[in-house]
Amino acid sequence: MLNVRISPLDLGIVLGYFVFTVALGAWLSRRKVDSGEGFFLAGRDASWPVVGASLFSANISSQQFVGQAGLAYTLGLVAGAFQLVGAGCFVLLAVFFVDVYLGLKLTTAPEFFERRYGSATRLFVAGINVVMILAANLTAALYAGATVLTTLLGWTAPGEFLLAIAVIAGGAAACSVFGGLRSVMWIDVFQATVLVLGGAVTLFAALHQAGGLGALLPMRNAAGDSMWSVVQPWTHAFGWLPLLTGAVILGVHGHCTDHDYVQRALAARSVYHSKMGAVFAALLKIVALFIIAAPGVVAARLLPGLSRADQAYAEMVTRFVPTGLVGLVLAGLLAAIVGTMAAGLAASSSMLTYDFALKLIPGLTERGRVRLGRVLMVVILLGCSAAAPLISRYSGLFAYLVTLWSLLAPPVFVCVVFGIFSRRADNRGALATLAVGATLGLAAFIALDSPATVAQLPAYLRNALNVGFVITLICTGVMLLVSRGRTTDNALDIVTASDRSEMTRGEKRRYRWFLGGVACCWVVVVFLFSPWGLASR
């Protein structure tokens, strides 16, 4: 039964913007796409603001606004520390990885592993990436989108939740199936703009309702630690030690090797635009700490006792944001959910086409690749729509995502780091590392899903981030023990010789100033929201 919780004006804005986004995707799709590069990589012609906004939109969206705000409702601003880790990892993408990826003229991120190790390693990594995109990005985005939509409309029946999933999936299909990455990236520019504006409106409205930041700074979590500190004791679920180890590992994997993000860097028109886009995304990630996690902390003061923490952000918007602006905030959130779905569809269908299908059908024409990519998008949407309701069995969306990411990332992280910085690693070692890491990750995921098993583990191993770090150490040992230092081709020479002089002198100067400015912002924010800054009050 429809029980709308917002004004007709706001509902009209939400529906109008949602329709506008879908229509924009359809309009951008009108341009005929005849080649795989045009469909999957936007013709490699994106400028840095588009690359950065698209990286940010693909990374943030619904999982963060719903899951991370919900986690901040319980734990505090430290939930947003993942945004700061992600910002650092986007900087690493710009500094170390872009030169390699563009120097090798890759089509998909897993192609690097074939060039460096061998075809079997490429298939293994592509399989892990596809699983992570389907299980973490697409399925979680559908769940988060349905959570927002049902909260917005006052739907409570299970059938209505499924209907909300179908609406989100249909919008994503309209945006991506025909136009490919080009339409997805341009839509992302609009989404990122509205997301930042909507998040800022929500934060200021919530702070005003709560009496200002000064009235909220004394807030403490259940353990007595400041709710406004991103630096927590190492024993905390997201303490400084798990963040510096496990979170950085999954961050490098997600931001620097996951094709969902690397695809946007590959779509840039030059090295300069790719690097600047990654650093711009890092700046937006720092902003995300305040527009996503901070409202969740304020919600803990204004809305205590919510039955589901994942509802915190939507509840804040519907209760405290002024009429008219509510529609803008929720419109941006729902449209960004569609953007995340479209991004995941573009990335997963790209890998399934280039990393798997072309191995089986090497003579597939350019038009055949485009048709296959579209069919795969539809199949993926149907499968993820069926799986989305299962996420509700977890204590929170972000807890599910962190667990999954932490346990699948280690073997890929080890392979890519050794692949770029070491000549010792070879295909034999990479395959052994991936096999051992994937097996340990699956076993750990099953173990951590059982409360009885978790209760028997040492305190350190009850944290998925810590378990991920242990798996990384084991994978490093496997790589060193199994590798014999034999390379099958000159891939390493290609990687180390990637042309870093492709930027002009002026481009290098602008890039370095921008990189330095973002780094300074990062340091200032960490200090302010730490036990030595505002959180000390």
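**Exercise 1. Find the neighbours of His-236 in this predicted model, leaving out residues up to four places away in sequence. Then decide: is His-236 buried or exposed?**

Solution.
- Step 1: Look for residues in contact with the histidine. You should end up with Leu-75, Val-78, Asn-221, Pro-242 and Asn-463.
- Step 2: Place His-236 on the chain. It sits in the loop between helix 10 (213-216) and helix 11 (240-257).
- Step 3: Check the relative accessible area, which is 11% for His-236. Buried means under 20%, so His-236 is buried.

**Exercise 2. Work out how the rings of Phe-90 and Tyr-261 are arranged.**

Solution.
- Step 1: Start with the overall count: the structure holds 10 aromatic pairs.
- Step 2: Take the ring centres of Phe-90 and Tyr-261, which are 6.3 Å apart. Rings pair if their centres lie within 6.5 Å, so go ahead and look at the angle of this pair, 80 degrees between the planes.
- Step 3: Planes over 60 degrees apart count as edge-to-face, and therefore Phe-90 and Tyr-261 are an edge-to-face pair.
- Step 4: Now see where the two rings come from. Phe-90 belongs to helix 5 (residues 81-103) and Tyr-261 to helix 12 (residues 259-266), so the pair links distant parts of the chain, 171 residues apart. Both Phe-90 and Tyr-261 are buried.

**Exercise 3. Do the same for Phe-97 and Tyr-101: which kind of ring pair do they make?**

Solution.
- Step 1: The ring centres of Phe-97 and Tyr-101 are 6.0 Å apart, and their planes meet at 40 degrees.
- Step 2: That angle is neither under 30 nor over 60 degrees, so the Phe-97 and Tyr-101 pair is tilted.
- Step 3: Check the spacing along the chain. Phe-97 and Tyr-101 are 4 residues apart in helix 5, which means about one helical turn separates them.
- Step 4: Add burial and company. Phe-97 and Tyr-101 are buried, and ring pairs join them with Phe-112 and Phe-113 in a cluster.

**Exercise 4. Where do the partners of the salt bridge between Lys-275 and Asp-99 sit, and are they buried or exposed?**

Solution.
- Step 1: Confirm the bridge. The N to O distance between the side chains of Lys-275 and Asp-99 is 3.0 Å, and the cut-off is 4 Å.
- Step 2: Find the helices. Lys-275 is in helix 13 (residues 271-302) and Asp-99 is in helix 5, with their positions 176 residues apart.
- Step 3: Read the accessibility. Lys-275 has 4% and counts as buried; Asp-99 also has 4% and is buried.

**Exercise 5. Compare the burial of Arg-319 and Glu-315, which form a salt bridge.**

Solution.
- Step 1: Their side chains meet at 3.1 Å, N to O.
- Step 2: Arg-319 and Glu-315 are 4 residues apart in helix 14 (residues 312-320), so about one helical turn separates them.
- Step 3: Arg-319 is partly exposed at 48% relative accessible area, whereas Glu-315 is buried at 7%.
- Step 4: For another part of the chain, salt bridges with shared partners join Glu-114, Arg-122 and Asp-355 into one network. Within it, the closest N and O atoms of Glu-114 and Arg-122 are 2.5 Å apart.

**Exercise 6. Which residues form a nonpolar patch on the surface?**

Solution.
- Step 1: Pick out Val-524, Phe-527, Leu-528 and Trp-532, which together have about 430 Å² of accessible area.
- Step 2: Zoom in on Leu-528, which lies in helix 22 (residues 505-528). Its relative accessibility is 34%, so Leu-528 counts as partly exposed.

Definitions and conventions: Residues are numbered from 1 along each chain as its sequence is written. This is a predicted model: local features need pLDDT of at least 70, side-chain atom pairs count only at pLDDT 80 or more; totals for chains, interfaces and linings use all residues. Side-chain values use heavy atoms; hydrogens and water are left out. Helices (H or I, at least four residues) and strands (E, at least two) are DSSP runs, numbered from the N terminus. Buried means under 20% relative accessible area, exposed over 50%, partly exposed in between (1.4 Å probe, protein chains only). Contact means heavy atoms within 4.5 Å. Patches are made of residues with over 30% relative accessible area and no salt bridge: like charges are joined within 9 Å, nonpolar side chains (Val, Leu, Ile, Met, Phe, Trp, Tyr) within 5 Å. Accessible areas come from the Shrake-Rupley method with a 1.4 Å probe; for residues, only the protein chains shown count as cover.
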